[in-house]
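Subject: Structure handover and notes

Hello,

Here is the structure I said I would pass on. My notes follow it.

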Amino acid sequence: DDVEYVHEIQPELRGALIPRLSLQPLVENALNHGLKNKTGHKQVRICVQKQGEELVICVADNGVGMDAEAINRSLASADLHRDTTGTSIGLHNINARLKILYGEQYGLRIESRENQGTKVIMTLPGEKTGIIHE
């Protein structure tokens, strides 16, 4: 099925530096988990914006949704060496890498509602991404 892709990126943020392979798995998850079993209009939205001193990247879909509370609890552990046989391996790896690179206050957070979609929010420090110059 066709998927509509929407990009909302502030022009001054197009050159922001983010860790390799941190965005692609989020889009892939939206397609494979959020939209795979959805009927009708399918959309993936990528938003990049500056919020205060931080760069915030959001990948959202209008798919089937998920249990965000359970995944957010699991992400809070940020263990890069966690068991890789479970679910959400890609999310955990990205989140742990971000926390190792930038500190505990950065990483991923999930918002989701059943049958309304999922939003994965990545928060990075502005000075490390090149959007805020020291």
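In these notes, a residue is buried if its relative accessible area is under 20%, exposed if over 50%, and partly exposed in between (1.4 Å probe, protein chains only). Helices (H or I, at least four residues) and strands (E, at least two) are DSSP runs, numbered from the N terminus.

The model is predicted: local features need pLDDT of at least 70, side-chain atom pairs count only at pLDDT 80 or more, and totals for chains, interfaces and linings use all residues. Residues are numbered from 1 along each chain as its sequence is written, and side-chain values use heavy atoms, with hydrogens and water left out.

Helix 1

Helix 1 covers residues 24–35, and P25, L26, V27, A30, G34 and L35 are its buried residues. They pack against strand 2, strand 3 (54–61), helix 3 (89–102), strand 4 (107–113) and strand 5 (117–125). The expected span of a helix is 1.5 Å times one less than its number of residues. With 12 residues, helix 1 should span 16 Å, and its end C-alpha atoms are indeed 16 Å apart.

The nonpolar cores

In soluble globular proteins, nonpolar side chains tend to be buried together. A nonpolar core here is a set of buried Ala, Val, Leu, Ile, Met, Phe, Trp, Tyr and Cys residues joined through side-chain atoms within 4.5 Å. The largest core has 27 residues, of which L26, L55, L91 and L108 touch the most other members. Two or more residues each come from helix 1, strand 2, strand 3, helix 2 (68–75), helix 3, strand 4 and strand 5. There is also a second, separate core of five residues, including V56, C58, A60 and I121.

Contact means heavy atoms within 4.5 Å. Not counting neighbours within four places in sequence, L91 is in contact with L26, N29, I71, L75, L108, I110 and V120.

L124 and the aromatic pair

L124 sits in strand 5 and is buried, at a relative accessible area of 0%. Residues up to four places away in sequence aside, L124 touches I18, P19, E54, L55, I57, L98, Y102, Y106 and T129. L124 and L55 are 69 residues apart in sequence, yet their C-alpha atoms are 5.1 Å apart in space.

Rings of Phe, Tyr and Trp (its six-membered ring) pair if their centres lie within 6.5 Å; planes under 30 degrees apart count as stacked, over 60 as edge-to-face and the rest as tilted. That rule gives one aromatic pair. Y102 and Y106 form this edge-to-face pair, at 6.4 Å centre to centre with 80° between the planes. Both rings belong to buried residues: Y102 has 19% relative accessibility, and Y106 has a relative accessible area of 10%.

Q43

Q43 lies in strand 2 (residues 43–51) and is buried, with a relative accessible area of 15%. A polar contact is a pair of N or O atoms within 3.5 Å; within protein, one must be able to donate a hydrogen and the other to accept it, and residues adjacent in sequence count only if both atoms are side-chain atoms. The side chain of Q43 makes such a contact with that of E4 at 3.0 Å, and with that of R45 at 3.2 Å. Outside four places in sequence, Q43 touches V3, E4, V6, L35, A60, D61 and N62.

Cysteines

How many disulfides does a search of the whole structure find? It finds zero, taking a disulfide as a pair of cysteine sulfur atoms within 2.5 Å. C47 is in no disulfide, and the nearest cysteine sulfur, that of C58, is 5.2 Å away. That distance is too far for a bond. C47 is buried at 13% relative accessibility, and C58 is buried at 10%.

N72 and two loop residues

N72, in helix 2, is partly exposed, with a relative accessible area of 24%. Leaving aside neighbours within four places in sequence, N72 is in contact with R109 and I110. The C-alpha atoms of N72 and L108 are separated by 8.3 Å, with the two residues 36 apart along the chain.

L21 is not a glycine but has a positive phi of about 55°. L21 lies in the loop between strand 1 (4–9) and helix 1 and is exposed, at a relative accessible area of 62%. N115, also not a glycine, has a positive phi of about 60°. N115 is in the loop between strand 4 and strand 5 and is exposed, at 57% relative accessibility.

Regards
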